[in-house]
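Work through the exercises below with the sequence and the 3D structure at hand. Each task is followed by a solution in steps.

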Amino acid sequence: MARLDYLTFSDRARQAARGAGLTVTDRTLRAWLDGKRTPTRQNLNRIDRAYKAVRRQNVARHLLQRLNKAGRGTRVEFHPLNQSQVNRPHVRAISFRMLNVRRWDAVVNAWADDDDDALDHAWFDDVAADLGSDYGSYEYVTNIGFAA
């Protein structure tokens with residue numbers, strides 16, 4: 001019900017939910033929200049998919065605002081190797097790079113669209129290329145964490 005509330009709190013959210021595949025009538029939505037009827041399993045799956053899509057778009061707008069900081073960008077640490085699962089005595093000293101990334105639009109939009117190819121392209125062209133001659137160590141990325 002919380003996801004359904006999220007998808008129906010405004011006209012913009014309703015339109016986004018319809019665009020994401022939740023195509024029931026307003027009367028049915030009201031009946032679900034009032035507890036008079038319950039969604040079928042198929043509709044619950046549609047609600048879940050629509051919620052994830054709408055939520056991702058809303059988070060992306062917030063991330064762009066925070067990461068771009070009106071053109072100032074965000075200072076980022078780039079670690080070439082994740083050693084979080086390595087036992088302490090076996091952790092190697094590996095240097096990391098810091099860079100102020102000013103162009104987050106392509107990266108965040110690709111993430112919001114759940115487009116891995118576009119994300120790879122945006123990462124390589126917009127971010128890793130700015131690392132200079134050492135970009136090869138940061139070219140292939142397994143994950144990007146947003147902590148904005």
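The exercises cover salt bridges and a pair of strands.

This is a predicted model, in which local features need pLDDT of at least 70 and side-chain atom pairs count only at pLDDT 80 or more, while totals for chains, interfaces and linings use all residues. Residues are numbered from 1 along each chain as its sequence is written, and side-chain values use heavy atoms, with hydrogens and water left out.

**Exercise 1.** Find which residues are joined with D48 into one network by salt bridges that share partners.

Solution.
1. A salt bridge is a side-chain nitrogen of Lys or Arg within 4 Å of a carboxyl oxygen of Asp or Glu. The whole structure has four.
2. In one of them, the closest N and O atoms of R3 and D48 are 1.9 Å apart. This pair links distant parts of the chain, since R3 is in helix α1 (residues 2–8) and D48 in helix α4 (residues 41–68), 45 residues apart. Helices are DSSP runs of H or I with at least four residues, and strands are runs of E with at least two, numbered from the N terminus.
3. D48 also bridges to K52, with closest N and O atoms 3.5 Å apart. Because D48 and K52 are four residues apart in helix α4, about one helical turn separates them.
4. The network therefore consists of R3, D48 and K52.

**Exercise 2.** Determine how many bridges join β1 to β2.

Solution.
1. Locate β1 at residues 74–78 and β2 at residues 97–101.
2. Strands pair if DSSP finds at least two bridges between them. Here there are five, and the strands run antiparallel.
3. One bridge partner pair is T74 and V101.

Conventions: Buried < 20%, exposed > 50% of the residue type's maximum accessible area, 1.4 Å probe, protein only.
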